[in-house]
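Work through the exercises below with the structure open. Each task is followed by a solution in steps.

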Amino acid sequence: MTDVSAGLRGARKLGAFAFALVATFVAPVCAFAAGAGYAEPGQIVMQAAETPIAREMHFFHNAILMPIITAVSLFVLALLIYVMVRFNEKANPTPSRTTHHAGLEVVWTIVPVLILVVIAVPSFRLLNHQLILPKGDITMKVTGKQWYWSYEYPKDQGGGFGFDSLMKPENELKPGDLRLLAVDNEAVVPVGKTIRVQVTAADVIHSFTIPSFGIRIDAVPGRLNETWFKAEREGVYYGQCSKLCGKDHAFMPIAFRVVSEQQYAAWLVEAKKKYASAGGSVTLADARR
Ligand SMILES: [Cu+2]
């Protein structure tokens with residue numbers, strides 16, 4: 001190989017390396033302004049947090065995991081570069097024959113363990129907050145079905161009805177509707193209230209996920225899982241089924257409209273009338289299938 005082509009190859013490698021660096025560290029900053037409730041085109045960071053749990057998740061990721069991962073990666077990179085420069089064949093023609101170093105081995109075992117302990121403490125705290133449910137203001141039930149969601153609002157909380165929520169097909173989209181996310185019947189909840197969500201499935205395993213709320217829980221037939229959220233701002237927040245469940249897995253979005261308490265009370269009255277005639281949660285969509 002000539003010197004020139006070797007040089008060119010080296011330059012190309014360096015270029016690729018620089019590109020990888022930029023893609024890893026600079027690009028995320030550019031796309032940092034994430035929208036709430038749905039993913040923006042080109043966005044690669046998490047959707048804006050709208051609940052205490054989602055905020056805690058973001059803190060855990062951004063303030064604890066990211067700095068640790070970045071520091072570890074840079075440290076390993078620095079070690080690699082040092083070894084490449086200091087111990088290549090030219091710089092170090094007669095290599096050392098050392099194979100063990102007790103002190104070093106203790107350090108590279110203990111330090112990773114300590115890093116894991118540092119990560120474990122906030123991680124278990126977050127898990128506790130997610131899995132130990134607070135007393136709820138409202139309990140609702142969500143059932144995953146092939147391929148839509150059903151929501152039920154219990155009678156003792158002003159509900160007593162259920163309905164199906166199906167993705168709006170493209171030809172029914174109105175201006176402002178999000179393609180693949182807008183649904184015919186949104187679930188409605190009041191702002192600032194603790195909502196307990198009981199999640200199950202009627203046919204196969206689905207997964208109920210709303211990124212902005214920081215919730216993702218499997219919907220398993222014959223099993224009742226439970227999660228909770230407390231939305232802090234009014235708006236519409238979207239999610240998608242997050243467990244492969246069949247051919248229309250990608251077309252069963254979740255849409256939650258968070259409204260003021262008065263609007264919620266008004267919606268309850270209206271929904272009771274609207275969905276009473278639908279006869280509960282199964283008929284409409286089953287007929288459409
Ligand atoms: Cu599904």
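**Exercise 1. Locate L180, then describe its backbone and its surroundings.**

Step 1. Find the segment. L180 lies in the loop between β3 and β4. Keep in mind that this is a predicted model.

Step 2. Check the backbone. Most residues other than glycine have a negative phi. L180 is not a glycine, yet its phi is positive, at about 70°.

Step 3. Judge the exposure. A residue counts as buried with 20 or more other C-beta atoms within 10 Å, and as exposed with 12 or fewer. L180 has 14, so it is partly exposed.

**Exercise 2. Find the peptide bond between Q146 and W147: is it cis or trans?**

Step 1. Read omega. From Q146 to W147 it is near -5°, and the bond is cis.

Step 2. Set this against the general pattern. Most peptide bonds are trans.

Step 3. Place the residue. W147 sits in the loop between β1 (138–145) and β2 (148–153).

**Exercise 3. Work out the strand order of the open sheet of 3 strands, and name its edges.**

Step 1. Write down the order. The strands run β4-β10-β9, and the pairing is mixed.

Step 2. Name the edges. β4 (187–190) and β9 (235–240) each have a single partner strand, so one side of each has no neighbour in the sheet.

Step 3. Note the twist. On average, neighbouring strands here are turned by 25° against each other, direction ignored.

Step 4. Look for a helix on the sheet. Helix α5 (residues 261–276) packs on it and touches β4 and β10. The direction of α5 makes about 140° with that of β4.

**Exercise 4. Explain the mixed pairing by taking β10 with each of its partners, β4 and β9.**

Step 1. Recall the two options. Strands of a sheet pair through backbone hydrogen bonds, either parallel or antiparallel.

Step 2. Take β9 with β10 (residues 253–259). They pair in the antiparallel sense over 6 bridges. G235 has V258 as its bridge partner in β10. Y237 stands opposite F256. Q240 stands opposite P253.

Step 3. Take β4 with β10. This pair is parallel, over 4 bridges. V188 has R257 as its bridge partner in β10.

Step 4. Check how covered the strands are. In β9, 5 of the 6 residues are buried, so the rest of the structure largely encloses this strand. β10 is mostly covered too, with 5 of its 7 residues buried.

**Exercise 5. Which residues touch the most other members of the largest nonpolar core, and which domains feed that core?**

Step 1. Start from the general pattern. In soluble globular proteins, nonpolar side chains tend to be buried together.

Step 2. Pick out the residues. The core has 42 residues, and A255 and F256 touch the most other members.

Step 3. Assign the domains. Domain 1 (31–131) and domain 2 (138–288) each give at least three residues to this core.

Step 4. List contacts for A255, leaving aside its neighbours within four places in sequence. They are S165, L181, A182, V183, E186, A187, V236 and Y238.

**Exercise 6. Trace the open sheet of 5 strands and inspect the pairing of β5 with β8.**

Step 1. Write down the order. It is β3-β2-β1-β5-β8, with mixed pairing.

Step 2. Name the edges. β3 (161–165) and β8 (225–229) pair on one side only.

Step 3. Note the twist. Neighbouring strands of this sheet are turned by 25° against each other on average, direction ignored.

Step 4. Inspect the pair. β5 (residues 195–201) and β8 are antiparallel, over 5 bridges. Q198 has E226 as its bridge partner in β8.

**Exercise 7. How do helices α3 and α4 cross, and which residues make the contact?**

Step 1. Get the geometry. The axes of α3 (residues 52–86) and α4 (residues 102–131) come within 10 Å and cross at roughly 170°.

Step 2. Classify the angle. Angles over 145 degrees count as roughly antiparallel. So α3 is roughly antiparallel to α4.

Step 3. Name the contact residues. From α3 they are I53, E56, M57, F60, I64 and I68. From α4 they are I115, I119, P122, S123, L126, H129 and Q130.

Methods: Residues numbered from 1 in each chain as written. Predicted model: local features only at pLDDT ≥ 70, side-chain atom pairs only at ≥ 80, totals over all residues. Pairing = 2+ DSSP bridges. Helix = DSSP H or I, 4+ residues; strand = E, 2+ residues; numbered from the N terminus. Axes fitted to C-alpha atoms, helices over the stretch in contact; angles between N-to-C directions. Contact = placed C-beta atoms within 7 Å. Core = buried A, V, L, I, M, F, W, Y, C linked by C-beta atoms within 7 Å. Domains from an automatic or database assignment. Parallel < 35°, antiparallel > 145°, perpendicular 65-115°, else oblique.
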